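Visitor: I have a model open and would like to learn how to read it. Could you walk me through it, one feature at a time?

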Amino acid sequence: MDKDAPAKAIIVVALVAVVCSSLVSAAVVLLRPIQLNNQLLERSRNIMQLTGLVEPGQALDDANMLALFKSLDIRIVDIDKGEFDDSLDPHTFDQRRAAGDPNYRVSVPAAQDLAKLGTRSRFAAIYLVWKDGQLRRIILPIRGAGMWSMLYGYLALEADFNTVAAASFYEQTETPGLGDQITRPDWLAKWRGRKVYDDLGDPVFAVGPGRIAPDSPAAEHRVDALTGATITGDAVTSLVYYWLGPHGFKPLLNRLREQPPTQAATAATGDS
Ligand SMILES: Cc1cc2nc3c(=O)[nH]c(=O)nc-3n(C[C@H](O)[C@H](O)[C@H](O)COP(=O)(O)O)c2cc1C
């Protein structure tokens, strides 16, 4: 064959394409477990910081972090019934996928859809934090639409199911320097101690308006607004309101107030 023949060029291009696509596919397959492990580590670090069992700044290597995380008392909640559900494995349940799965999702009525979810999973994985046999915290997953992106976070409440112990947003793509200020540790630290319900049991936690004077009555339920991020801040108010309301975790929290949970046999974390 003439070395300049078009057929030869086509064969060379095809071979290069096959070799390159094989390399990319192999890389995807080989790197997937590493990626999944990194995601698990990231999630466990995030949740462990909300438990109060890890001191701020305490260095924990990956293995110890994962061991602690895996020993947490994680439960599946049927959100609508407000009760624990033993039929699903909390360690493998994927709430995000369930929100889109016809077998697991429920529609959020428009009048109640403050978090702009459309649908949500019927079930959620929540964490109970025990220390010396006492329930110390409950960690609830929360999410809602911000200005540009879905905001994913966790809200940790004290054992009174009303006082904020900690909060985090671990995934969002709001504008850097504006909406993404919701991930600022100094701002999230201000959530601590706020009450999320009023005396009638209605959700009241809110971001802003403006700066909240620490000794004002508003400081009981509110944290400072974020400059240049009123829209994202209002979205945070709305999503917290939704998740603590009757279509969110309120039925569960009411039930736990009446029937305090008991520690799962496997959950030894924090006991001394
Ligand atoms: C390019 C661009 C990106 C913006 N991103 C955000 C954002 O992520 N979150 C947000 O609340 N406001 C964002 N804003 C600002 C809002 O349009 C609005 O001005 C702001 O929320 C008002 O906040 P303020 O009352 O504190 O000024 C953005 C504005 C522009 C022009």
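Guide: Gladly. Keep in mind that this is a predicted model. Let's begin in the loop between β3 (105–107) and β4 (119–121), where K116 lies.

Visitor: What is the phi of K116 near?

Guide: Phi of K116 is near 55°, a positive value in a residue other than glycine.

Visitor: Is K116 buried, exposed or partly exposed?

Guide: The idea is to count neighbours: 20 or more other C-beta atoms within 10 Å make a residue buried, and 12 or fewer make it exposed. K116 has 15 within 10 Å, so K116 is partly exposed.

Visitor: Which residue in the loop between β5 and β6 should I look at next?

Guide: Go to D132, which sits in that loop. D132 is not a glycine, yet its phi is positive, at about 50°. With 8 other C-beta atoms within 10 Å, D132 is exposed.

Visitor: And the peptide bond between G208 and P209, how do I read its omega?

Guide: Omega there is about 5°, and the bond joining G208 and P209 is cis. You will find P209 in the loop between β9 (206–207) and β10 (222–223).

Visitor: Now the helix α1. How many residues does it have, and what span does it reach?

Guide: A general picture helps: an α-helix has 3.6 residues a turn, so residues three or four places apart point the same way. Here α1 (residues 6–51) has 46 residues and reaches 66 Å from its first C-alpha to its last, close to the 68 Å expected at 1.5 Å a residue.

Visitor: Where does α1 bend?

Guide: At L31, by about 40°, and a proline, P33, follows within four residues. Just after α1 comes G52, with a positive phi of about 80°.

Visitor: Why does α1 lie largely in the open?

Guide: Because the number of buried residues is 4 out of its 46. These are I47, M48, L50 and T51. The elements covering them include α2 (62–70), β5 (123–131), β6 (134–145), β7 (150–158) and β8 (164–171).

Visitor: Last stop, the ligand. Which residues are around it?

Guide: Start with M147 and W148, then E174, T175, L178 and G179, and finish with the run T227, G228, A229, T230, I231 and T232. Sorting such a shell by class gives a quick chemical summary. This one has 5 nonpolar, 6 polar and 1 charged residues.

How values were computed. Residues are numbered from 1 along each chain as its sequence is written. This is a predicted model: local features need pLDDT of at least 70, side-chain atom pairs count only at pLDDT 80 or more; totals for chains, interfaces and linings use all residues. Helices (H or I, at least four residues) and strands (E, at least two) are DSSP runs, numbered from the N terminus. The expected span of a helix is 1.5 Å times one less than its number of residues. The bend at a residue is the angle between axes fitted to the seven residues ending there and the seven starting there. Two residues are in contact if their C-beta atoms, placed from the backbone, lie within 7 Å. A residue is near a molecule or strand if its C-beta atom, placed from the backbone, lies within 6 Å of it. Ala, Val, Leu, Ile, Met, Phe, Trp, Tyr, Cys and Pro count as nonpolar, Asp, Glu, Lys and Arg as charged, and the others, Gly among them, as polar.
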